[in-house]
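Visitor: I would like a close look at one part of this model, the place where two helices pack against each other, and then a word on the paired strands. Could you take me through it with care?

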Amino acid sequence: MKHKTLLLLSLLVLSGCNNARNPNIVVTSFVGYDAVLNIVGDKIDVKNILPWGSELHDFEPTPRDVAAINNAKLFVYTSPELDTWVKSLVTNENSFNMSEWAIIEELIEDSDNHSHNHNHDSLHFWTDPLIHVRVMSNLLNVISDIFPANSAYFTDNYDAYTEELLTLENELQTFLNQIEDPTIFFAGHNALSYFADHFNMTIKTINESYKPDVDFVSQEIIDFINEIKTANVHYLFIEELVEPRVANLIKNELAKENYDITLLELHGYHNITAQQAKENVTYADLFAQNIANIKQAFSD
């Protein structure tokens with residue numbers, strides 16, 4: 001009897017391990033995880049293979065990740081440009097390309113029917129909250145087709161979460177509409193062109209192109225410091241998950257001239273920390289913090 005009990009326990013352990021390795025839905029990014037999880041809730045197992053706190057652009061899946069992807073009932077990836085390994089490693093026919101469903105066109109109408117030109121060189125479509133909502137809408141249809149028993153539950157979750165996102169979008173839009181030519185300064189690589197275009201904002205950066213891990217040259221920093229002083233701004237935005245080395249350099253240089261500047265984060269939703277993941281931080285939470293920081297920068 002003892003032998004049979006041990007055998008049963010072993011089988012249960014193995015079964016649990018297999019379930020952990022083979023979730024029903026696998027995603028490759030925080031934004032994908034956020035979109036899926038805020039639809040399926042606790043009804044479906046979801047795995048994000050991008051380690052918390054890591055760099056989105058440099059990620060390569062492990063063999064175990066690839067096995068989980070190909071065994072999943074649905075695989076959600078960000079884009080072929082970011083997830084360059086998908087074409088050669090993924091065989092799962094139920095694959096959802098977020099960038100395809102984002103419907104990124106040369107002209108996109110916002111909620112007030114104003115047209116905005118979007119930078120096609122930017123990979124970061126998700127920084128526009130309405131695009132994130134649009135992706136979720138298409139994901140809802142796909143997930144409901146695969147798991148029809150919970151479709152009503154999924155729709156309720158989608159409605160509640162997208163209402164939260166749209167309320168936040170309206171809050172920031174209303175605030176910025178009161179400001180003539182809202183402009184912020186950003187000490188990092190610009191991954192927020194879709195965000196800026198949607199809200200009719202100007203984001204001044206040291207270098208307008210997004211080039212992760214490329215150092216800025218001294219003259220670029222000097223010119224940027226002079227722009228800050230000319231504009232008489234006292235808030236400098238920084239990106240997430242990166243040591244603000246350049247921002248601190250700028251802050252220290254300005255301090256020598258008794259020019260005070262405060263650093264504020266403008267999150268690009270690339271990823272969150274392990275601690276934030278434990279706290280169930282969402283895209284909406286990060287969006288709300290971005291709004292609070294932007295309001296602070298324009299309110300003083």
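Guide: What follows turns to the helix contact and then to two strand pairs.

This is a predicted model, and in it helix α2, which spans residues 30-40, packs against helix α6, residues 129-146, at an angle of about 55°, with the two axes 10 Å apart. Because angles under 35 degrees count as roughly parallel and those from 65 to 115 as roughly perpendicular, α2 and α6 are oblique to each other, and the crossing that α2 makes as it passes α6 is right-handed. On the α2 side the contact is made by Val31, Asp34, Ala35, Val36, Asn38, Ile39 and Val40, which meet His132, Met136, Leu139, Leu140 and Ile143 of α6. Sorted by character, the residues of this contact comprise nine nonpolar, two polar and one charged.

As for the strands, β7 (residues 183-189) and β8 (residues 202-207) run parallel and are joined by five bridges, and Ile184 has Ile203 in β8 as its bridge partner. Together with helix α8, residues 193-198, these strands β7 and β8 form a right-handed β-α-β unit.

A second pair is made by β9 (residues 235-238) and β10 (residues 262-265), which are parallel and share four bridges, with Leu236 standing opposite Leu263 in β10. From β9 the chain reaches β10 by way of helix α10, residues 245-255, in a β-α-β crossover that is right-handed.

Definitions and conventions:
Residues numbered from 1 in each chain as written. Predicted model: local features only at pLDDT ≥ 70, side-chain atom pairs only at ≥ 80, totals over all residues. Heavy atoms only, no water. Pairing = 2+ DSSP bridges. Right-handed = clockwise from strand over helix to strand, strands pointing away. Axes fitted to C-alpha atoms, helices over the stretch in contact; angles between N-to-C directions. Parallel < 35°, antiparallel > 145°, perpendicular 65-115°, else oblique. Left-handed = near helix turned anticlockwise from the far one by under 90°. Contact = heavy atoms within 4.5 Å. Nonpolar A, V, L, I, M, F, W, Y, C, P; charged D, E, K, R; others polar.
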